[in-house]
Amino acid sequence: MARLNINGKIHNIDVEPDTPLLWAIREQIGLTGTKYGCGVAACGACTVHVDGVPTRSCSLPVSSFTEKQKIVTIEGLSKTVTHPIQKAWLELDVPQCGYCQSGQIMAAAALLVKHPEPTDAQINEEMTNICRCGTYNRIRAGVKLAAKNAKGAKSNNKAQRA
Amino acid sequence: MTIAQKLSRRGFLAGAAVATGGLSIGFHIPTAEAAVGDTPEINAWVVVKPDDTVVIRVARVEMGQGTLTGLAQLVAEELDADWSKVTTEYPTPGQNVARKRIWGDFQTAGSRGIRGSEDYVRKGGAAARLMLMQAAANQWKVPVGEVTTSKGVITHKASGRSLRYGKVALAAGKLEAPKDVKIKDPKDWTIAGKPLPRLDTKMKLDGSQIYSIDFKMPGMLNAAIKETPVPGGKVKSFDAAKAEKMRGVKKVLVIDGNAVVVVADTWYRAKTALDAVNIVWDEGANASVSTASIKAMLTEGLDAKQAFVGNKKGDVETAIAGATKKVEAVYRYPYQHHMTMEPMNATAQWTPEKCLVWTSTQNAEAALATAVPASGLPIEKCDVIRMNLGGGFGRRSSSHDYVRQTVLVAKEMPGTPVKLIWSREQDVTHGTYHPTTMCKLTGALDDKGNVVGLHMRISGQSILAGLRPEALVEGRDPGTFQGLNAQGPEGQFGYEIPNLLVDHAMRNPPFRPGFWRGVNNNQNSIYLECFIDEMAHAAGQDPLEFRRKMMKNYPKHLAVLNTVAEKSGWGKPTAPGVFRGISQHMGYGSYVAAVAEVSVSDKGALKIHRIVAATDCGHVVNPQQVAAQIEGSFAYGLSALLYGEMTVKNGRMEQENFDTYEVMKMADMPPVESYPVPSGGFWGGVGEPTIFVAAPAVLNAIFAATGKRLRDVPLKNFDLRKA
């Protein structure tokens, strides 16, 4: 039995303790946006946020989590596809087949928190998820566009407050 | 667009129908009802609903390449539809059978999605428009010649009347289809030819798009499979005592004599239990095959007497014998894996009355053809419902082995839907691999450095021999010569060489080959384009000028080459330490060329600074999607060049997952400048062609940087430091 806080809701899950978080999310909670790609934390398709940190859910058992840790999946990133990364992805038509994009978006959203104005080197370092369609250049452009828009929104807010 | 929702609703309906036993009589998939009468199908391609929603049926499949949006643009263009009201849906292969293949070919491979169906889908759109116009004219009692259409509205200017398409759709669907329809000149396009956003992006941003692996049905069980690691091997014995006692496990079985399957309530439990099954394999005849033994087999073919001729002109033997300078080289291309992000999987539900399969496939008709014999039912009782693909790249058109297995398992559990997912390890070790070949090239130069003769002897695996031996032409596999043919859209050799021989000694190792994005063009372009570069250097000439001299009769090949030369600044200085390489190739109806700019550090680290790519695909339906495909082709092709190799030991593939089979990531990806230069008058493919020039352009640039001529793939195996 595990108690997990996923997208703001506590779930009691009756699984073996060594069940990877990915399969608990997909098969027990029923959220299928988080993808299986490799099972060995090599591809990043299963990336979720754990207390804001991008985490490859395929290789961590549910027993390593407590209900105090906030797990966010792609379904919980925003209510209406309005996270700056999602908006930038839509504007630039980033996805091709889309299978890796849940993980890419989660990794990119965490990157923006860590580096609000990421350099190319920081993008290379943090964005290590695999995309076989080859959307890397649009992902890079999407991250930069989202950073620019987020910065613009912030300075607008400041201006309004002033 | 709501394909995913529709599909999951269909899935639910189908499941519910099976559960209540109503399947064989009353059950129709909603799209099939459109053909029945009351719903407003104008023709097979176009449905217009009363609320003006236009549903465009797409026979080819979307796997990321943008075909869904592109085909919808072509139909909507001829239909004069309101683009904001356009949605799409997939007919099933069963419906195609029932309607005498009204939708034609479902196969989505060979970059044929658009070029292979543009004519009839455009005519389908144009015919639907004429029928809507006629229906409005009939209602108004005016001649059809007096009505016009624009953005989903029919207008009779003289009387100032207008009607939306949705208002006359039912009437239009009852009219006879026009026999002769005209389609627009691409210069008049307003929907096609434009960089419209894709129809399927939003659902890929929040996890709501349902892929085959995500498909669920009430009461569904999950299955994991382990197949013989050695091709041709069998299950000798297995001990499932421990697995059968594990939580959630419902059944352990052997299928096809060569695979053990565990069925459980969840997939993770099935997989865990499968790992606990002790399997003893009868490894069969191939247990001693290795990369070295395969290489020896191919090397023998390089000088073998018997070979199939692909392209022949003049007398190459005499030309080589009389050459002022003879250039010789041997190249090799290894086995590679598709590594689709979504592993192979399918869901099937079998009853004695019906067998339904839900899966991601590039060719639903072939998936159906695989499911039928596995089900033991007649084709009328089977169907395949297409799910979204997490990548195809040829794997999901080469073999539907995963569909066969799923149906065999479902048949053992009548009525219960079963989803079979291949673990990544099963997927990587049971691929349909990029075939391995070698090539010996012999070039003859005269005293002015002109190429007077060229012999390309290819030795290695035939895809058709492995997948569809019935398609061989008197033993010969025409696909082996992609890009090296005397003529034709599947790859015209682009150089005038008076004495030429391209031949193939077929050598087939036991590993199953497959169609792999770019297919045989991938190695053929390396062989030819790197060797042309070798000959240019042997002749002391600039590689671009050396090519141009031989391309006067191939203006389209030459035009794209000139484009990349100009855009890259060929001949002009580069940044210190940066060197250029160039290549061109033709295939899948399109002409492509690239220049790569690279540097190699003192430690041998390669950096690709910039790719300049041009493609002439005749007509461009969506420029931003063409650009995306060009970028993606470079990612796929450069991944193959840098890292791609499956090695064989003791009859087994050695790599099993992304940790041992590396692929390109963000940090490796160079900027790609793409230049579509459509010259019109023909339709070429886009999903694959630019992959052809990725590797040779980089290899030629590495030679320029280091003086090292690398004639083998992948580069991770080699020391790139300066010679």
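**Close-up views of a predicted model**

**View 1. The end of helix H6 in chain B.** Just after H6(B), the residue Lys141(B) adopts a positive phi of about 55°, a value that, like the others in these legends, belongs to a predicted model. The helix that precedes this residue, H6 of chain B, covers residues 118–140. Its 23 residues, at 1.5 Å a residue, should span 33 Å, and because the end C-alpha atoms lie 33 Å apart, the expected span and the modelled one agree.

**View 2. The packing of helices H17 and H21 in chain B.** Helix H17 (residues 521–538) of chain B packs with helix H21 (residues 691–706) of chain B at an angle of about 30°, and their axes are 8 Å apart. Since angles under 35 degrees count as roughly parallel, H17(B) is therefore roughly parallel to H21(B). The two helices, H17(B) and H21(B), make a right-handed crossing.

**View 3. The residues where H17(B) and H21(B) meet.** From H17(B), the contact involves Asn521(B), Asn522(B), Ser525(B), Ile526(B), Glu529(B), Cys530(B), Asp533(B) and His537(B), and these meet Ile691(B), Phe692(B), Ala695(B), Pro696(B), Leu699(B), Asn700(B) and Phe703(B) in H21(B). Sorted by character, the residues of this contact comprise eight nonpolar, five polar and two charged. As background to the spacing along such helices, an α-helix has 3.6 residues a turn, so residues three or four places apart point the same way.

**View 4. The two domains of chain A.** In the domain assignment of chain A, domain 1 takes in 2–75 and domain 2 takes in 84–161. The centres of domain 1 and domain 2 of chain A, taken over C-alpha atoms, are separated by 22 Å. To the contact between them, domain 1 of chain A gives 16 residues and domain 2 of chain A gives 12 residues.

Note on methods: Residues are numbered from 1 along each chain as its sequence is written. Chains are lettered from A and ligands numbered from 1 in the order in which they are written. This is a predicted model: local features need pLDDT of at least 70, side-chain atom pairs count only at pLDDT 80 or more; totals for chains, interfaces and linings use all residues. Side-chain values use heavy atoms; hydrogens and water are left out. Axes are lines fitted to C-alpha atoms, for helices over the stretch in contact, and angles run from 0 to 180 degrees between N-to-C directions. Helices (H or I, at least four residues) and strands (E, at least two) are DSSP runs, numbered from the N terminus. Angles under 35 degrees count as roughly parallel, over 145 as roughly antiparallel, 65 to 115 as roughly perpendicular and the rest as oblique. A crossing is left-handed if the near helix is turned anticlockwise from the far one by less than a right angle, and right-handed if clockwise. Contact means heavy atoms within 4.5 Å. Ala, Val, Leu, Ile, Met, Phe, Trp, Tyr, Cys and Pro count as nonpolar, Asp, Glu, Lys and Arg as charged, and the others, Gly among them, as polar. The expected span of a helix is 1.5 Å times one less than its number of residues. Domain bounds come from an automatic or database domain assignment.
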